[in-house]
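Here are some notes to read alongside the structure. Take the points one at a time and find each residue on screen as you go.

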Amino acid sequence: MIARRGERIPPFIVMEVLEKAQHMEREGRDIIHMEVGEPDFDTPRCIKEAAYRAMLEGKTRYTHSQGVRELREAISEHYLQKYHVEVDPDRIVVTSGSSPAMLLLFAALLDPGDEVILSNPCYACYPNIVEFVDGRPVEVPVFEEDGFQYRPREIEKRLSARTRAIIINSPSNPTGNLLEPEVMEEIASLAEKGLYVVSDEIYHGLVYESREHSILEFTDRAFVINGFSKLYAMTGWRLGYLIAPPEFIRPVQKMMQNLFISANDFVQWAGIAALTEAAEDVEAMVRTYDQRRRFLLPRLREIGFGVAVEPQGAFYVLANARRFTRDSYSLAMELLEKTGVAVTPGIDFGSGGEGYLRFSYANHLDRIREGMRRLEEYLVRRD
C-alpha cells in the first residue's frame, strides 16, 4: 500500500518535458532546450579549482550540520555588502541545494492544516512541498498586466487564523519579473502582524534593468532561501542555504542532522570561492543572458506570443500562448514533437499559468534563434 503523500504528489512537468526531450535526442532528434531552468554555462574555473584544492586538503568529511563556519560567514558578508543587512552566521543553515532548505523550513514552520499564501502562477514545487508536510497552499491570482506582481489587498483577503507565511520569489520563476520594493514593503508589513515572509532569492544577481531587493531589507520576520545553482552555474553541485529567524534554527538544525547530516564538505569550500572570486565570471554570464533576453522578447511577439510586461530578471519569459491554444500542456508536447523545441507548459505553474508557455533563454543565442525560426515556421502553417 503506497502512502498517501507518495500518491498525491504531482509530477514536476518541466522535468517530464526534459526527460521526453532527452529520449528524443537518444533517438537522433535535434532538440533545442528552452524548457529547463539550468544555466548552459560551465561552472567558473575558480570554483572548480577551489573544490579540487579542498578535496586534496582532505575536506571530504562530515561538517557541522549548519555548514562550515567560513561559508556561513561569507554568506553573511555577501548580504551585508549587497543589501546592507546584518545576518548572524548562526542564523544560516547550509543545505544540499535550495529545495532541501525549503523542505526543512516548511517542516519547521507548519503544523497540519496551517496555510501558506502563494501566487498563482508560481514555481511548481512550492505548493507540492507545502502539501508534503501537510500544510495548505492558499493561492492568490496574479496577472499579466501587473507583471504578475502580487496585489497586497488580494493577499489580505485570504489571510486567516491558520495563515503562517507568504511566499515571494523575485526575480520570479516562471515569469522573470521582479516585485516592486513598495509591494515588498506592504507584504513585510503583513508579517509584522504575526506571519512570516518566505523569500526565495535563488535568482538574485540575474537582473538586467533594475535592482532586486532582499526581504531582509524590510523585515526580520522572514526566511530567505538561496543557493548557488543559478547565478554561479552550479546546478549539479547541489549547494543552497536557509536564513531563518533565530528561534527556528535549532529545530531546522535537528531536522538537518536527521535527514541530511550536512552538505558536502568540499562543495561548501567551492561556495566560498563563488562568493569571493567569481564576480567577473558572473558579470559575463549576466551580460550574455541579457543579450539573449533582448533578442527573444521581440521574436516571441513577432511569432504571435504575448508579453505584456518585459521580464527584468532570471532567464525566463512566461509568454501568452492563447492565440494558439488554451491547453498549454498539449501545445508544449505538440511543439516538441513537431519542431524539436522544448518549452514548459504554463499549467506546470498553476491554473493561472494555463494558456502560457515558459521559455528559458539559458541556451546559446544561435540555438534560441533556430528555435524561434522553427516555431514561427510551424505555427504559421498550423494557423
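Helices and strands are DSSP runs, a helix having at least four residues and a strand at least two, and they are numbered from the N terminus. One thing to keep in mind throughout: this is a predicted model.

1. Start with a loop. D114 sits between helix α5 (98-109) and strand β3 (115-120). Is D114 buried or exposed? Its relative accessible area is 7%, and the cut-off for buried is under 20%, so D114 counts as buried.

2. Now look at what surrounds D114. Leaving out residues up to four places away in sequence, D114 touches L109, G135, R136, R162 and R164. With one of these, R162, the side chain of D114 makes a polar contact of 2.9 Å.

3. Next, find the open sheet of three strands, ordered β9-β12-β11 with antiparallel pairing. Strands β9 and β11 (344-345) are at the edges and have a single partner strand each, so each has one side without a neighbour in the sheet. Helix α11 packs on this sheet and touches β9 and β12, its direction making about 10° with that of β9.

4. Strand β9 (residues 316-320) deserves a closer look. Five of its five residues are buried, so the strand is largely enclosed by the rest of the structure. In a regular strand, side chains alternate between the two faces of the sheet. Here Y316, L318 and N320 point one way, while V317 and A319 point the other.

5. How many bridges join β9 to β12 (residues 356-360)? There are five, and the two strands run antiparallel. As an example to trace, A319 has L357 of β12 as its bridge partner.

6. Helix α11 makes a nice check on geometry. With 25 residues at 1.5 Å a residue, α11 should span 36 Å, and this agrees with its end C-alpha atoms, which are 36 Å apart. After the helix comes G304, whose phi is positive, near 125°.

7. Finally, the interior. In soluble globular proteins, nonpolar side chains tend to be buried together. The largest nonpolar core here has 120 residues, and Y79, F106, Y150, Y232, F305 and F359 touch the most other members. Helix α11 (residues 279-303) gives the largest share of this core, nine residues. Another core, of eight residues, lies apart from it and includes I13, V17, A21 and L336.

8. Y150 is a good residue to explore for yourself. Beyond its neighbours within four places in sequence, its contacts include I117, L118, V140, I166 and L179.

Methods
Residues are numbered from 1 along each chain as its sequence is written. This is a predicted model: local features need pLDDT of at least 70, side-chain atom pairs count only at pLDDT 80 or more; totals for chains, interfaces and linings use all residues. Side-chain values use heavy atoms; hydrogens and water are left out. Buried means under 20% relative accessible area, exposed over 50%, partly exposed in between (1.4 Å probe, protein chains only). Two strands pair if DSSP finds at least two bridges between them. A nonpolar core is a set of buried Ala, Val, Leu, Ile, Met, Phe, Trp, Tyr and Cys residues joined through side-chain atoms within 4.5 Å. Contact means heavy atoms within 4.5 Å. Axes are lines fitted to C-alpha atoms, for helices over the stretch in contact, and angles run from 0 to 180 degrees between N-to-C directions. The expected span of a helix is 1.5 Å times one less than its number of residues. A polar contact is a pair of N or O atoms within 3.5 Å; within protein, one must be able to donate a hydrogen and the other to accept it, and residues adjacent in sequence count only if both atoms are side-chain atoms.
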